[in-house]
Amino acid sequence: MNPKMRFASALALALLLCGQIGAQAGSGNQLIEEADALFNREGPSMAAVDAYRAVCQDDNNSPHAARSRYMAAECLFRLNDLKAAYLEFDLVRRSKGGSESLHAAAELRRGQCCFAQGEFEQAAKHFSRIADRDGESYLARDGAFALAQTQVALGEWEEFKEIADRLVADHAAYGRRPEFLFAYGVYHYQRGETGPAREYFHQVESERARSYLVLTLSDEQQYLKAIQQYRQLLVRYPAT
């Protein structure tokens, strides 16, 4: 996707979540319009962060306050300043003009900030708050997906299986995601269920999946196939 299109999509999503697309067009709010233009033109940058923060500094009761906080936090998130992004996303729910969906999106991002920094227990708390909401919303589904992955990071395999099974039963497409296929494979492998594990690992093309496939075939004493997979692993991932 073209970077400018990707940035425009992010802005459109924030507008949609905030429910202010119509209000934005006729607001005449110069600060928010300038911040949006800067973001669309240059993408995430500290200049865009400052521009969005200026909206709240000028008027914290602005109907655009929550969205401007969200967009400032989104820029920080994409710039990989995760600690600052986490704090900025927390300000979304305290700012005027936010919808429940915008608050949920900010909560999801806070969980992603924690996960990326290895703070898995805290990430699980954020994701749980999203997953426990309306299960038909895409944010709740993404929250459940992220929560299942966090349970894997925590080594809570039965919790992972319960959450993943429920999500896949309602929304089968999640069951085809490489992250879930690999996690299901590891779930079965660590239970000694090599047959199902092998089938899941076969469906994922990654260094880790191939490594586990070699282990699984070795455990099954399928040594020739294990050697073949190991050779392919070295060819595809020579730095392994």
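**Buried cysteines and the nonpolar core**

At a relative accessibility of 2%, Cys114 counts as buried. Its sequence neighbour Cys113 is likewise buried, with a relative accessible area of 0%. The structure examined here is a predicted model, and a search of the whole of this structure returned zero disulfides. Cys113 takes part in no disulfide, the nearest cysteine sulfur being that of Cys114 at 6.9 Å. For Cys114, in turn, the nearest cysteine sulfur is that of Cys113, 6.9 Å away. Because a disulfide requires a pair of cysteine sulfur atoms within 2.5 Å, the separation of 6.9 Å leaves Cys113 outside any such pair, and Cys114 is also in no disulfide.

The analysis of nonpolar packing identified a largest core of 59 residues. Within this core, the residues with the most contacts are Tyr52, Tyr70, Phe89, Phe160 and Phe180. The greatest contribution to the core comes from helix H5, which spans residues 65-78 and supplies eight residues. In soluble globular proteins, nonpolar side chains tend to be buried together.

Helix H5 was also examined in terms of its exposure and geometry. The helix is mostly covered, with 13 of its 14 residues buried. From its first C-alpha to its last, H5 reaches 20 Å, a span close to the 20 Å expected at 1.5 Å a residue. Just after H5, Asn80 adopts a positive phi of about 70°. H5 is thus described by an end-to-end reach of 20 Å over 14 residues, by the burial of 13 of these, and by its contribution of eight residues to the largest nonpolar core.

Technical notes:
Residues numbered from 1 in each chain as written. Predicted model: local features only at pLDDT ≥ 70, side-chain atom pairs only at ≥ 80, totals over all residues. Heavy atoms only, no water. Core = buried A, V, L, I, M, F, W, Y, C linked by side-chain atoms within 4.5 Å. Buried < 20%, exposed > 50% of the residue type's maximum accessible area, 1.4 Å probe, protein only. Helix = DSSP H or I, 4+ residues; strand = E, 2+ residues; numbered from the N terminus. Expected span 1.5 Å × (residues − 1).
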